[in-house]
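Biologist: I am new to this structure and would like to understand the words used for it. Could you take me through a few of them?

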Amino acid sequence: MSQFRSLAGVLRGSGLWMLGRNAPGRGCSSRVTQLSPSALSSSYVEEMYYAWLEDPRSVHESWDAYFRNAQASSPVGEAEERRPSMLLQGRAMSQTPAMSLKVVEDHLAVHNLIRAYQIRGHHVAQLDPLGILTADIDSFVPSDLITTIDKLGFYGLDESDLDKTFQLPSTTFIGGHETTLPLREIIHRLETSYCGHIGMEFMFINNVEQCQWIRQKFETPGIMKFTDREKRTLLARLVRSTRFEDFLARKWSSEKRFGLEGCEVLIPALKMIIDRSSAAGIESVIIGMPHRGRLNVLANVVRKDLDQIFCQFDPKLEAADEGSGDVKYHLGMYHERINRETDKNITLSLMANPSHLEAVDPVVQGKTKAEQFYRGDTEGKKVMSILMHGDAAFAGQGVVYETFHLSELPSYTTLGTIHVVVNNQIGFTTDPRMARSSPYPTDVARVVNAPIFHVNADDPEAVMYVCRVAAEWRSTFNKDVVIDLVCYRRFGHNEMDEPMFTQPLMYKQIRKQEHVLKKYADKLISEGVVTLQEFEEEVAKYDKICEEAYTASKDEKILHIRHWLDSPWPNFFTAEGEPKCMSYPPTGLTDEVLKHIGEAASSVPLQDFSIHSGVSRILRGRADMVSKRTVDWALGEYMAFGSLLKDGIHVRLSGQDVERGTFSHRHHVLHDQEVDKRFCIPLNHLSPDQAPYTVCNSSLSEYGVLGFELGFAMASPNALVCWEAQFGDFHNTAQCIIDQFISSGQAKWVRNNGIVLLLPHGMEGMGPEHSSARPERFLQMSKDDPDRYPEFTGDFEVQQLYDCNWIVVNCSTPANYFHVLRRQILLPFRKPLIIFTPKSLLRLPEARSSFDEMTTGTKFRRIIPDEGPASKNPGKVKRVIFCTGKVYYELAKERKQLKLEDTVAVVRLEQISPFPFDLIKAEVELYDNAEMIWCQEEHKNMGYYDYVRPRFLTVLSNKKPVWYVGRDPAAAPATGNKFTHLAELKRFMDTAFDLSAFEGRSF
């Protein structure tokens, strides 16, 4: 029995005394017993042996393997006749303790070998269709993979062990229904699973169930099978993908189209994902992608009419008067159709986006989240998103990381996105080794435990299988997944580019590379799945479709951008896409409604809810204001939000720290001070039939989160979607979203959007980074003409708003803030709204409004005229100071101290863009004899001056000057020195009220 004592010592030393029965699975036990060497009697061994005969899983795997080997070495029929103790004792006589130790070590080594392939097999997978590169830039060959026979020595094994049988652990499925395999077969099956045309990265996932799921999908022998029908469908889709690009190349050889040549398999890949998702219950898919392959996706996935695509190439096509439009490979599309594979309705929306790669990612996620929200799809079973990426952009663009980090946040998750990377193995002219520091372009996905499937794009069946698994993963676990299509770019960055300048070796190989369609067609013909004639008929059929569409496209005379709309709003506009009216009702409310909302804002709707004493003081202050029929800034916002919610309008407020508010003024989420994670949102307790209110602190991201909220606002016009910057100047890290989507989105893509940006702004002596929201940037991008006085019939205000690209306001009263938020929803169209919000005014007693300014019949005031003594006798006024925002209160205070209230009028410009020409003209005519001043607290080269000056001069017919009062030009938005800040303020206040300051100055 020395052999068993030796084995017992090994097991005890390894802590492997897992010898209980009725175990839940292989190698697991519910009973652990530590035995002394004396316990290893023959009767104990017999007990283990009989247990093993009854169920091999009831004993530890090392005993299991030992009994199997002992039985296998006995003569046929003898094992059943001999007592187990005699059998083993006889076998033990021929083995030493060292040999027993090797049995255990060899099994552990094989288990480690299997795990090595699961973790690192992708490094040696055959992923590059060109055969000249490795998908990971390290060219790393792990030492623990058996790429040569001598590497068995890494595990203490050698060639003689290849035909030995080993017990398989529970963490692999390579055995299928077998629990043991020879080492040679183990290695073969591991290489088949992990080192072929698919490379998998998933072992970093910290969920065992998910790892097991993936292992089962890829390790089970023979699992990657396709029926003849599936293969024919794949071939037909590959024909359409390839011949579409060939057709465009023949007809428009000198046109940029950013074709898909080299990754034609993308089209059947996307269709496989959509087919499997549709079968799982998905009804709507939101898609985002860069320009490469977009026309092919529009034609063969979304099913845009081919003639509509082809007419985009006609240089003589006139554009309808719908905006400036965009190039064909940026356009989007919305289409509802029947999925032929599942016979179910499915809606596909391909989002329009700019050349700024990856910028569309968070926009797609936001729209997906919104559609899930409006459908009540809390489990992501009806709506999903697919994002396509380029390899260089996926690794290089930070917004990819920001978007991934939204994927698991409660108010931002879309419950799983399928990412498809078209890995050309090059970025324009830049090699991967110069484009990223990580081995793969997809490594960013590891941060959210997303499995990554690398696949050789010249193996269509491998690609289809990976896509099938990815769709099932998303449906099963509602988590992100990445498919890395390792392919190539047959031409340059565009069809006019010469890639041989910079990648001569790669492009010599590409020119010799056989097309994937021919490879796959030859394969299926050789298998007898299709005949050559059937294949040629399929090609001819699609070529005919393209030719007929090309002929029809010549009949198109006008390009309608609205035919490419990616986010239609049924019933909001007329059938022609026009507003149903050109007016809006007053935005005021009855006293009863204001009082009701005010009471909700100043109370806690839940019983036994302990709030912070400071918050309690704030609520008492609100109650006091309501009793006095006044509101401060926070209460005015509460009134606007609450009234819209009562009318069934969803309100969503997102951004950094918005629940409390950066300046601790909002407190829309109350936290129980005694019970952890218990909170209350009073705005969701206004009335039984109200719309839901969503207020959510975001991750510390501007680019990603603003893009997300923009996408959310696209889904429905009947929602007020607001994004608040922590400080106004922080919006500049989201400048791409502002420039490419918000400012110009309607002009390029005929896409209305009513998103609201709340940007805290004001010179408070807080330094250069917490002062300016950079109003000059928004105003520079406003499209109204400074040199032409608008001529409108009907409602001047609404016509101006309809013609503008966005609305820029700086409200100086809570009432006006209340009205502009309500106006945003009551307008018969949608425009982005930029609001420069205050900081010190949040608590300034003078900056409060009466209910009288918010009651029935009242509305937003684009300007607030002087309502003091100056307005009563305008003929005596010597100077009119026009201003906007917080500086009004400083001017009013200074004027009062100087007793100039009847001599100097101060007029507040509340809506800066579109410029209220009509109201300014009335003020100028009222104070016809007075000197005109523009006063701002910002520096002269910033703020509003460059925008308002030419417009004032247009109103004045260039006959009178508008003098500037404010800070001098500067490079930084504000000083960091408090003394300097106050000195600058005093200097321009003195100038503002020095009535002789501009005497003798020429105009």
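Modeller: Here is a short talk about a side chain, a sheet and a pocket. This is a predicted model, where local features need pLDDT of at least 70 and side-chain atom pairs count only at pLDDT 80 or more, while totals for chains, interfaces and linings use all residues. Residues are numbered from 1 along each chain as its sequence is written, and side-chain values use heavy atoms, with hydrogens and water left out.

Biologist: What makes the link between Asn478 and the backbone oxygen of Leu415 a polar contact?

Modeller: The term needs a pair of N or O atoms within 3.5 Å, one able to donate a hydrogen and the other to accept it; residues adjacent in sequence count only if both atoms are side-chain atoms. The side chain of Asn478 reaches that oxygen of Leu415 at 3.2 Å, so the pair qualifies. The backbone oxygen of Glu379 also lies 3.2 Å from a polar side-chain atom of Asn478.

Biologist: How do you know that β19 and β21 pair?

Modeller: Strands (DSSP runs of E, at least two residues) pair if DSSP finds at least two bridges between them. Five bridges join β19 (756-760) to β21 (833-837), so they pair, and they run parallel. One bridge sets Pro760 against Thr837 in β21.

Biologist: Why are 14 residues of the second largest pocket's lining called charged?

Modeller: Because Asp, Glu, Lys and Arg count as charged, and 14 lining residues fall in that class, beside eleven nonpolar and four polar ones.

Note on methods: Helix = DSSP H or I, 4+ residues; strand = E, 2+ residues; numbered from the N terminus.
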